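Me: Hi! I have just started reading protein structures, and I would like to know how the labels people use for them are earned. Could we go through one together?

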Amino acid sequence: MKEKMFKNLSLKILSAIFAVVLWTVIVNVYDPTTSYTFSNVSVQLINTESLTDKNYSYEIVDGGKISVYVSGPKSIVTNIKASDIVATADLSKISAFADYVDIHVSVVKDGQVLNNVEATPKTSAVRLSIENRDTKTVNVVSEVTGAAADGYAVIKRTLNPTSIKVTGPSSVIETVDHAGVSFDVTGATADVTGTADIHLYDSDNNEINDSSLELTQTSVNYTAQVVRTKTVSIEVKTSGKPADGFRVSGVTLNHDTVIVYGDANTLNSLEKIVIPASNINVDGLTESKVFKFALTDYIDKSLSILDNPRIEVNVKIENTSSKTITLNTSDIKVSGLETGMSYSFEDRTFSIDVEGSEAALAALDASGITLTADLSTYTSSGTRSITVSVRLPDGVTLKSTPSVNVLFRDNTEETTGPTQETTSATTIN
């Protein structure tokens with residue numbers, strides 16, 4: 001038996017070697033080894049809680065997407081897709097003084113790891129940026145876009161909640177100043193409610209978009225209270241007289257209208273807000289003065305003011321100069337003379353005393369002055385002193401009202417005496 005086993009031993013060994021070589025050749029001919037490189041394979045981070053539970057945050061600096069070299073039987077490799085390659089980095093394996101984590105790669109097909117192929121990452125590790133995590137509470141502020149309908153306004157905005165907590169890397173948390181939401185009220189005539197997404201902003205109101213930040217909530221509920229309004233004017237008057245040699249040269253307001261809202265009936269009846277002259281007394285002033293008022297003191301308690309509830313009244317006081325101007329009585333335009341009556345001025349000229357700034361008085365001449373007189377009350381013959389109305393240019397005021405003597409004659413009565421130059425009602429416009 002033993003002799004039969006070792007008979008032709010060299011031939012048998014040669015046959016076995018030949019069989020192995022032949023099998024290898026057949027395998028390589030019919031299912032040869034091949035390889036392929038897959039690009040942009042995402043690396044999954046696992047066991048991330050090993051960092052986050054210790055109040056650390058992380059960010060992938062390098063190695064988030066890698067290329068993987070796969071080799072194996074052609075029949076298998078040609079059926080592999082990029083989605084079959086699983087690349088992971090175990091954060092529990094990172095050391096306290098390292099920022100690299102090794103990448104492990106496998107090929108998974110139909111839920112099974114393929115052991116007859118070899119997968120090798122061309123990038124061997126993921127590089128991380130690791131830092132402390134902080135939590136910060138920030139206020140939520142609102143911004144309204146658009147405008148309510150004409151005659152309506154938003155008077156109040158309510159948010160719920162009014163603050164949120166933000167958690168993330170310390171370096172990013174430091175830049176967060178506030179949270180903000182915006183909502184549209186275009187054309188609104190009633191309250192507007194809804195939910196708005198929260199955005200984060202820095203102190204310069206630049207939006208912060210960072211996926212590493214976590215918010216306790218990402219939206220807030222809002223209500224915009226919309227009411228009917230009315231725009232009314234503000235009227236002011238002054239009382240008193242500045243010191244001798246001074247005059248009121250102008251009165252200005254920092255705003256001359258205001259928006260009011262409140263009880264509908266009271267609002268409808270309000271036409272303007274008046275600050276009484278007694279509240280702006282200029283007695284004895286020698287320089288300009290600003291008077292400040294709360295406008296709510298001059299409207300009904302059922303009404304409120306939307307914006308600018310305070311007003312400043314600037315009374316300008318300036319030095320005055322005086323000037324006497326001689327005018328012709330023939331320049332007086334009369335009116336109202338009764339039919340049958342005639343008149344004549346006893347003097348051809350009269351004078352008026354005016355005051356104002358030096359510049360205004362220097363520019364003043366007779367052509368810029370309008371003179372009028374009403375003769376309707378004079379219905380009998382005789383000499384009367386009549387008041388002359390004087391209209392002056394801006395910046396010039398009359399110190400006292402002038403008067404002139406006029407001789408009236410009733411032409412329907414018989415008169416005696418010296419003949420005088422007269423003007424009858426039929427020849428006067």
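**Strands, rings and a pocket**

Reply: Happy to! Strand 26 (residues 349–356) and strand 30 run antiparallel and are joined by 3 bridges. Please keep in mind that this is a predicted model.

Me: What makes strand 26 and strand 30 a pair?

Reply: Two strands pair if there are at least two bridges between them. Strand 26 and strand 30 have 3 bridges, so they qualify as a pair. One contact to look for is Glu355, whose bridge partner in strand 30 is Thr397.

Me: Which sheet does strand 30 belong to, and in what order do its strands come?

Reply: Strand 30 is part of an open sheet of 3 strands, with the order 23-26-30 and antiparallel pairing.

Me: Why are strand 23 (321–328) and strand 30 said to stand at the edges?

Reply: Each has a single partner strand, so one side of each is left without a neighbour in the sheet. On average, neighbouring strands of this sheet are turned by 40° against each other, direction ignored.

Me: Now the rings, please. How many aromatic pairs are there?

Reply: The structure holds 5 aromatic pairs.

Me: Why is the pair of Tyr36 and Phe38 called edge-to-face?

Reply: Ring centres must lie within 6.5 Å to pair, and planes over 60 degrees apart count as edge-to-face. For Tyr36 and Phe38 the centres are 4.7 Å apart and the planes stand at 70°, so the name fits.

Me: Is Phe38 buried or exposed, and what is Tyr36 called?

Reply: Buried means under 20% relative accessible area. Phe38 has 8%, so Phe38 is buried. Partly exposed runs between that cut-off and 50%, and Tyr36, at 48%, therefore counts as partly exposed.

Me: What makes the pair of Tyr378 and Phe408 stacked?

Reply: Planes under 30 degrees apart count as stacked. The planes of Tyr378 and Phe408 are at 15° with ring centres 4.7 Å apart, so this pair is stacked. Tyr378 lies in the loop between strand 27 (370–374) and strand 28 (382–387), while Phe408 is in strand 31 (residues 403–410), so the pair ties together parts that are 30 residues apart in sequence. Both Tyr378 and Phe408 are buried.

Me: How do you know that strand 10 (residues 163–169) is mostly covered?

Reply: Of its 7 residues, 5 are buried.

Me: Which strands are joined to strand 10?

Reply: Among them is strand 8 (residues 125–145), which runs antiparallel to strand 10 and is joined to it by 7 bridges. Here Lys136 stands opposite Val166 in strand 10. Strand 15 (residues 214–215) is also antiparallel to strand 10, with 2 bridges. At least two bridges are needed for a pair, so strand 10 and strand 15 meet the cut-off. In strand 15, Glu214 is the bridge partner of Thr167.

Me: Finally, what lines the second largest pocket?

Reply: This pocket has about 280 Å³ of space. It is lined by 15 residues, and Lys241, Phe246, Arg247, Glu355 and Thr397 are the closest to its centre. Strand 17 (246–253) and strand 30 (396–398) are the elements that give two or more residues to the lining. Strand 17 gives the most, with 3 residues.

Me: How is the lining of the second largest pocket divided by class?

Reply: There are 5 nonpolar, 5 polar and 5 charged residues in the lining.

Technical notes. Residues numbered from 1 in each chain as written. Predicted model: local features only at pLDDT ≥ 70, side-chain atom pairs only at ≥ 80, totals over all residues. Heavy atoms only, no water. Phe/Tyr/Trp six-rings, centres within 6.5 Å; stacked < 30°, edge-to-face > 60°. Buried < 20%, exposed > 50% of the residue type's maximum accessible area, 1.4 Å probe, protein only. Helix = DSSP H or I, 4+ residues; strand = E, 2+ residues; numbered from the N terminus. 1 Å grid on protein atoms, 1.4 Å probe; cavity = no way out; pocket = protein on both sides within 12 Å on 5 of 7 lines; lining within 4 Å. Points joined across faces, edges and corners; volume = space filled by probe spheres on them. Nonpolar A, V, L, I, M, F, W, Y, C, P; charged D, E, K, R; others polar. Axes fitted to C-alpha atoms, helices over the stretch in contact; angles between N-to-C directions.
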